[in-house]
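Take a first look at the chain below. Then read on for a short tour, from single residues to the overall build.

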Amino acid sequence: MAFNSADTAAFKNVWVFCEQRQGKMMPTTFELISEGRKLADELGVELCGILLGDNVDGIAKELGGYGADKVYVYNSPLLKDYTTDAYTKVIVEAVEELKPEVLLFGASNIGRDLGPRCAARLHTGLTADCTHLDVDTAKYADFLREASTLNVDQMVETGRIKMDDRNLKMTRPAFGGHLMATIICPRFRPQMSTVRPGVLKKGEYNEAKANAVVVEKLAVELDPIKTQVVEIVKEAKQLVDLIGADVVVSVGRGISKDVEKGIKLAEELAEVLGGVVGGSRVAIDSGWLTADHQVGQTGKTVHPKLYIALGIS
């Protein structure tokens, strides 16, 4: 039977694309697996990871430790380095065969490239750069009560929020981060989302669950692949690690009349405290700092032990 993304009843289970590079799992993957566990429990289905690469079997069980029931693995020398066409082909064919109802990607460079391509091939929707996910409507209503000024009880009473709605509610910044929008994909499956790194909490690792996870091999014919990676040249510049920093000193429009001097003082303070310098959107758009320093709804979500805002309203 031909794949039909509109046949929503045929889809089941939550999938997470498990991004690895050079055989090392990316931290966002564990955040997504932990969040996927919550969503799968709310739906009463299995949580599955899909892991692509070359000889990556050894890192598959680690995903079980964070909540995965099953991991689908595909090994090939053609997948050693990421290419859009090879990864897209494997994921799309796996989805067409196994039909997950939810498919999550980290909003990394790879996830932002791969997710939309898969969504287009599968004729479904994708919500990009999400910061919150819910299936259970009661939990979603509680989230709205905490995070917004909406009259949630009235919305429930008038039917604007349907308590029996089992669609994935994907919340993301909109209009430059000035408001938050919740998007659903009720008519097509899988429901797809890229999720911003650092916004979800990684669960506790459980060795027993890691040992119990089921690992299955995917059967997909990869040839021919049009793209060949000839060489990877890494940029020499070291990017700032905002997400993992314990101390962040952020600068904004009001940092100083002498911007260069103000930023230098912020850098000195960050160095003394063992932290890093971040910046508001204005600071980045003005060219005072590079894009990897941007903090906030349109930048990186941070969870430092100490956050100092200088010249930010």
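Is Cys-48 buried or exposed? Cys-48 is buried, because its relative accessibility is 0%. Buried means under 20% relative accessible area, exposed means over 50%, and partly exposed lies in between (1.4 Å probe, protein chains only).

This is a predicted model, in which local features need pLDDT of at least 70 and side-chain atom pairs count only at pLDDT 80 or more, while totals for chains, interfaces and linings use all residues. Residues are numbered from 1 along each chain as its sequence is written, and side-chain values use heavy atoms, with hydrogens and water left out.

**Cysteines**

A search of the whole structure turns up 0 disulfides (pairs of cysteine sulfur atoms within 2.5 Å). Cys-48 is in no disulfide. Its nearest cysteine sulfur belongs to Cys-18, 9.9 Å away. What about Cys-118? The closest cysteine sulfur to that of Cys-118 is in Cys-18, at 14 Å, so the two are too far apart for a bond. Cys-118 is buried too, because its relative accessible area is 0%.

**Fold and overall build**

The chain has 9 helices and 15 strands. These are DSSP runs, numbered from the N terminus: helices are H or I with at least four residues, strands are E with at least two. The C-alpha atoms fill a box of roughly 65 × 60 × 40 Å along the principal axes.

How does the radius of gyration agree with that of a compact globule? With 313 residues, such a globule would have a radius near 20 Å, and the chain has 21 Å, which agrees. The radius is taken over C-alpha atoms, and the globule rule is 2.2 Å times the number of residues to the power 0.38.

Buried residues make up 48% of the 313 residues. Now take the contacts (heavy atoms within 4.5 Å) with a separation of 6 or more. Of these, 74% join residues 24 or more positions apart.

The chain exposes about 16,400 Å², and carbon and sulfur atoms supply 50% of that area. Areas come from the Shrake-Rupley method with a 1.4 Å probe; for residues, only the protein chains shown count as cover.

There are 37 positive and 43 negative charges, and their mean positions are 3 Å apart. Lys and Arg count as positive, Asp and Glu as negative; His and the chain ends are not counted. Each charge is placed at NZ of Lys, CZ of Arg, CG of Asp or CD of Glu.

**Thr-127**

Thr-127 sits in strand S7 (residues 126-130). Thr-127 counts as buried because its relative accessible area is 3%. Which residues does Thr-127 touch, leaving out those up to four places away in sequence? They are Met-170, Arg-172, Ile-183, Met-192, Ser-193 and Thr-194. Val-233 is 106 residues from Thr-127 along the chain, and their C-alpha atoms are separated by 31 Å.

**Backbone features in loops**

Arg-189 and Pro-190 are joined by a cis peptide bond, with omega about 0 degrees. Pro-190 lies in the loop between strand S10 (179-183) and strand S11 (191-195). Two residues that are not glycines have a positive phi.

| Residue | Phi | Loop | Relative accessible area |
|---|---|---|---|
| Asn-55 | about 60 degrees | between strand S4 (47-53) and helix H2 (61-64) | 64%, exposed |
| His-123 | about 60 degrees | between helix H4 (109-122) and S7 | 59%, exposed |
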